[in-house]
Amino acid sequence: MPLSAVTGRAELFEKVQPGGLGGTYGGNPVSCAAALAAIETMQEWDLNARALRIEEIVTAKLTPLVEELDIVGDFRGRGAMLALEFVADSISKAPHPTAAKDVAAYCRDRGVLILTCGTYGNVVRLLPPLAMPDELLEQAMDILVAGIRDVA
């Protein structure tokens with residue numbers, strides 16, 4: 001549902017006459033109801049805690065690879081949005097887009113879809129669904145780890 005909002009400092013907003021600031025999707029009643037329902041679901045399902053649990057599981061699987069493998073230059077992120085950066089070696093840290101592409105292909109061939117991104121195409125971004133069961137996430141991470149080791 002399309003929905004927008006405008007935010008800013010109070011001293012700026014106080015200078016705008018009533019009705020003088022808006023947007024195409026601001027205040028649509030159906031979109032507002034949908035947004036409230038989405039927020040209610042997020043609270044009911046405790047999706048903030050779920051995102052932290054996903055981070056915990058993925059971090060446990062991928063952090064050791066940074067020290068262990070030269071092609072893993074960095075692991076970063078917060079909550080369920082995480083990224084793994086591939087480099088040519090741990091000294092130069094030169095981007096290694098082929099490694100990211102090969103890892104993505106390895107995972108795809110085994111039923112796990114991951115996204116390559118970054119300025120140089122050398123980053124794998126992870127954003128698993130918050131409703132994904134731990135067991136399925138563990139299986140996907142095991143495939144990703146195996147793919148990284150295979151490419152390394």
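Helix span, cysteines and sheet pairing in a predicted model

Q: How do you know that the end C-alpha atoms of helix H2 (residues 29-44) are as far apart as its 16 residues should place them?
A: In this predicted model, the 16 residues of H2 should span 22 Å at 1.5 Å a residue, where the expected span is 1.5 Å times one less than the number of residues. The end C-alpha atoms of H2 are 22 Å apart, which agrees with that expectation.

Q: What makes Asn28 a cap of the N-terminal end of H2?
A: A side-chain oxygen of Asn28 lies 2.9 Å from the backbone nitrogen of Val30, and a polar contact requires a pair of N or O atoms within 3.5 Å.

Q: What follows H2, and what is its phi?
A: H2 is followed by Asp46, whose phi is positive, near 50°, and Asp46 is a residue other than glycine. Most residues other than glycine have a negative phi. Asp46 lies in the loop between H2 and helix H3 (47-68).

Q: Why is Asp46 called partly exposed?
A: The relative accessibility of Asp46 is 44%, and because partly exposed covers the range between under 20% for buried and over 50% for exposed, Asp46 counts as partly exposed.

Q: Which phi value does Lys93 have, and where does Lys93 lie?
A: Phi of Lys93 is near 60°, again a positive value in a residue other than glycine, and Lys93 lies in the loop between strand S2 (81-86) and helix H4 (97-109). At 41% relative accessibility, Lys93 counts as partly exposed.

Q: How many disulfides does a search of the whole structure find?
A: The search finds zero disulfides; Cys107 is in none, and the nearest cysteine sulfur, that of Cys117, is 14 Å away.

Q: Why is there no bond from the sulfur of Cys117 to the closest cysteine sulfur?
A: A disulfide is a covalent bond between the sulfur atoms of two cysteines. A pair of cysteine sulfur atoms has to lie within 2.5 Å to count as a disulfide, whereas the sulfur of Cys117 is 14 Å from that of Cys107, so the separation is too far for a bond.

Q: Which of the terms buried, partly exposed and exposed applies to Cys107, and which to Cys117?
A: Cys107 has a relative accessible area of 0% and is therefore buried, since buried means under 20%. Cys117, with a relative accessible area of 22%, is partly exposed.

Q: What makes S1 and S3 edge strands in the open sheet?
A: The open sheet of four strands has the order S1-S2-S4-S3, with antiparallel pairing, and strand S1 (72-78) and strand S3 (115-117) are its edge strands because each pairs on one side only. Neighbouring strands of this sheet are turned by 25° against each other on average, direction ignored.

Q: How do you know that S1 and S2 pair?
A: Two strands pair if at least two bridges are found between them, and S1 and S2 pair in the antiparallel sense over six bridges. Asp74 stands opposite Glu85 in S2. S1 and S2 form a hairpin with two residues between them, and Gly79 in the turn has a positive phi of about 65°.

Terms used: Residues numbered from 1 in each chain as written. Predicted model: local features only at pLDDT ≥ 70, side-chain atom pairs only at ≥ 80, totals over all residues. Heavy atoms only, no water. Polar contact = N/O pair within 3.5 Å; in protein donor to acceptor, adjacent residues only side chain to side chain. Buried < 20%, exposed > 50% of the residue type's maximum accessible area, 1.4 Å probe, protein only. Axes fitted to C-alpha atoms, helices over the stretch in contact; angles between N-to-C directions.
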